[in-house]
Amino acid sequence: MTPSSETFEVVKSDEEWRRQLTPEQYHVLREHGTERAGSCALLREKRAGTFMCAGCGHPLFKSGPKFESGTGWPSFFAPIEGSVASSTDRSHFMTRTEAHCRRCGGHLGHVFEDGPPPTGLRYCINGVALTFEPE
């Protein structure tokens with residue numbers, strides 16, 4: 001889960017999040033859910049632009065570090081500096097690094113160490129947690 005000890009710039013009640021987000025966005029961003037692989041149109045987004053948090057609009061990823069990982073989720077080898085925070089996720093009988101929006105704490109996905117150069121990281125992100133603004 002997103003660390004409750006952190007103070008985020010955007011704080012809303014559970015009811016406010018439910019009113020703002022679609023049920024699927026709420027499930028992913030606020031309940032740490034996962035969308036079905038291959039189900040989001042942003043997986044195939046190839047235009048230049050910026051991917052932002054669907055919860056608070058914070059810019060998270062530029063299109064340049066996006067790559068096709070073959071996993072069924074949008075993947076990036078680096079976020080915009082300072083935009084994504086991480087925490088330890090020990091759910092599902094494993095230990096992973098969770099990626100969440102630094103501004104609102106919304107769950108984005110996970111970070112793995114099997115990505116391409118130059119970072120070697122793969123930010124495996126739920127597309128429903130993102131919006132896209134073309135350049």
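Two strands pair if DSSP finds at least two bridges between them. The exercises below use a predicted model.

**Exercise 1. Place Ala99 in its strand, then find its bridge partner in β7.**

Step 1. Locate the residue. Ala99 lies in strand β6, residues 96-101.

Step 2. Check the strand pair. β6 and β7 (residues 107-112) are antiparallel and share four bridges. The cut-off is at least two bridges.

Step 3. Read off the partner. In β7, Ala99 is bridged to Gly109.

Step 4. Recall what such pairing rests on. Strands of a sheet pair through backbone hydrogen bonds.

**Exercise 2. Decide whether Ala99 is buried or exposed, and list its contacts beyond four places in sequence.**

Step 1. Take the relative accessible area of Ala99, 0%. Buried means under 20%, so Ala99 is buried.

Step 2. List the contacts. Leaving out residues up to four places away in sequence, Ala99 touches Val84, Ala85, Gly106, His107, Leu108, Gly109, His110, Val111, Tyr123 and Ile125. Gly109, one of these contacts, is also the bridge partner of Ala99 in β7.

Step 3. Add a C-alpha separation. Ala99 and Asp89 are 10 residues apart along the chain, and their C-alpha atoms are separated by 9.4 Å.

**Exercise 3. Give the strand order of the six-stranded sheet and name its edges.**

Step 1. Write the order: β3-β4-β8-β7-β6-β5. The sheet is open, and its pairing is antiparallel.

Step 2. Find the strands that pair on one side only. They are β3 (66-67) and β5 (84-89), the edge strands.

Step 3. Place β6, the strand of Ala99. In the order, β6 stands between β7 and β5.

**Exercise 4. Describe the surroundings of β1 and find both bridge partners of Met52.**

Step 1. Start with burial. Five of the five residues of β1 (residues 49-53) are buried, so the strand is largely enclosed by the rest of the structure.

Step 2. Take the pairing with β9 (residues 130-134). β1 and β9 run antiparallel, with five bridges. Met52 is bridged to Thr131 in β9.

Step 3. Take the pairing with β2 (residues 59-62). Three bridges join β1 and β2, again antiparallel. Here the partner of Met52 is Pro59.

Step 4. Inspect the turn. The hairpin of β1 and β2 has five residues between the strands, and Gly57 takes a positive phi near 80 degrees.

**Exercise 5. Which parts of the chain does the salt bridge of Arg103 and Glu9 link?**

Step 1. Check the distance. The closest N and O atoms of Arg103 and Glu9 are 3.9 Å apart. The cut-off is 4 Å.

Step 2. Locate both ends. Arg103 sits in the loop between β6 and β7, while Glu9 is in the segment before α1 (14-20). The pair is 94 residues apart and links distant parts of the chain.

Step 3. Compare accessibility. Arg103 is partly exposed at 25%. Glu9 is exposed at 56%.

Step 4. Extend the pair. Glu9, Arg102 and Arg103 are linked in a network of salt bridges.

**Exercise 6. Classify the residues of two further salt bridges, Arg47 with Glu45 and Asp114 with Arg122, by accessibility.**

Step 1. Set the scope. The whole structure holds six salt bridges.

Step 2. Take Arg47 and Glu45, with closest N and O atoms 2.7 Å apart. Arg47 is partly exposed at 46%. Glu45 is buried at 14%.

Step 3. Take Asp114 and Arg122, at 2.8 Å from N to O. Asp114 is partly exposed at 48%. Arg122 is buried at 10%.

Key: Residues numbered from 1 in each chain as written. Predicted model: local features only at pLDDT ≥ 70, side-chain atom pairs only at ≥ 80, totals over all residues. Heavy atoms only, no water. Helix = DSSP H or I, 4+ residues; strand = E, 2+ residues; numbered from the N terminus. Buried < 20%, exposed > 50% of the residue type's maximum accessible area, 1.4 Å probe, protein only. Contact = heavy atoms within 4.5 Å. Salt bridge = Lys/Arg side-chain N within 4 Å of Asp/Glu carboxyl O.
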